[in-house]
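I opened the notebook to go through this structure from its charged pairs to its nonpolar parts, writing down each point as I looked it up.

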Amino acid sequence: MTARFEGGINIAMKVPTHQYAATVAFYRDVVGLPPFEDKAPATGFMLGPNRLWIDEAPNYSQAEVWLELFTPDHRIALGHLETNGVVRCDAVEDLGEGFRGGWVMNPANIVHMVREPDAW
């Protein structure tokens, strides 16, 4: 079986504490995106067909954007990526026991969650 990937629906913005409240207010009050809070303490906004998560990152000095890739089989997909020199970075955030996926970085150091669509 070959590895297959497609874009996921989640985009995470990791924002330093000193910019967090203003960033949430920007998307909520200035842009007017519809919010949702089903995974508190993270705050999310509907971004067209995607979900934009604003995560407070106390130890960060600047914001980062993290992306998501869906795959039908995370083991095959992550193996394919590793075989092709992609850096695994599972230590960036604990996904919990039994999660069907993992974290990788692209060559520009953008974090990607690679997961099965029903991995949560």
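Which residue forms a salt bridge with Lys14, and how far apart are the closest N and O atoms? I was working with a predicted model, and there I found that Glu93 pairs with Lys14, with 2.7 Å between the closest N and O atoms. The pair links distant parts of the chain, as Glu93 sits in the loop between strand E7 (87-88) and strand E8 (101-105) while Lys14 belongs to strand E2 (residues 10-15), 79 residues apart. I then checked the cover on each partner: Lys14 has a relative accessible area of 6% and is therefore buried, whereas Glu93, at 31%, is partly exposed.

**Entry: other salt bridges**

I noted the count of salt bridges, which comes to eight. Side chains of opposite charge can pair when their charged atoms come close.

I looked next at Glu68 and Arg115, whose side chains meet in a salt bridge at 2.5 Å, N to O. Glu68 lies in strand E6 (residues 64-70) and Arg115 in strand E9 (residues 111-115), so this salt bridge ties together parts that are 47 residues apart in sequence. I recorded both Glu68 and Arg115 as buried.

I also looked up Arg88 and Glu82, which meet through their side chains in a salt bridge of 3.2 Å, N to O. Here Arg88 is partly exposed at 29% relative accessibility, and Glu82 is partly exposed with a relative accessible area of 43%. I added that Lys14, Asp55 and Glu93 are joined into one network by salt bridges that share partners.

**Entry: nonpolar cores**

In soluble globular proteins, nonpolar side chains tend to be buried together. I listed the largest nonpolar core here, which has twelve residues in all, among them Ala12, Phe36, Trp53, Trp66, Trp103, Val111 and Met113. I followed Trp66 further and, leaving aside its neighbours within four places in sequence, found it in contact with Asn10, Ile11, Ala12, Lys14, Tyr60, Val92, Glu93, Trp103 and Val111. Both Lys14 and Glu93, the salt-bridge partners of my opening entry, are therefore on the contact list of Trp66, where contact means heavy atoms within 4.5 Å. I also noted a second, separate core of ten residues, which includes Met13, Val15, Tyr20 and Leu52.

**Entry: two buried polar side chains**

Where does Thr23 lie, and is Thr23 buried or exposed? I placed Thr23 in helix H1 and found that Thr23 is buried, with a relative accessible area of 16%. A polar atom of its side chain lies 2.7 Å from the backbone oxygen of Gln19. Apart from neighbours within four places in sequence, Thr23 is in contact with Met13, Val15 and Ile54, and I saw that Met13 and Val15 are among the residues of the second core.

I found His112 in strand E9, where His112 counts as buried at 11% relative accessibility. The side chain of His112 has a polar atom 2.9 Å from the backbone oxygen of Ile110. Leaving aside neighbours within four places in sequence, I listed its contacts as Leu67, Leu69, Gly102, Trp103, Val104 and Asn106.

**Entry: a nonpolar surface patch**

I closed with the surface, where Phe26, Val30 and Val31 make a nonpolar patch of about 280 Å². Val31 is found in the loop between helix H1 (17-30) and strand E3 (35-36), and at 42% relative accessibility I recorded Val31 as partly exposed.

Key: Residues numbered from 1 in each chain as written. Predicted model: local features only at pLDDT ≥ 70, side-chain atom pairs only at ≥ 80, totals over all residues. Heavy atoms only, no water. Patch = residues over 30% accessible without salt bridge, like charges linked within 9 Å, V, L, I, M, F, W, Y side chains within 5 Å. Areas by Shrake-Rupley, 256 points an atom, 1.4 Å probe, with all protein chains shown as cover. Salt bridge = Lys/Arg side-chain N within 4 Å of Asp/Glu carboxyl O. Helix = DSSP H or I, 4+ residues; strand = E, 2+ residues; numbered from the N terminus. Buried < 20%, exposed > 50% of the residue type's maximum accessible area, 1.4 Å probe, protein only. Core = buried A, V, L, I, M, F, W, Y, C linked by side-chain atoms within 4.5 Å. Polar contact = N/O pair within 3.5 Å; in protein donor to acceptor, adjacent residues only side chain to side chain.
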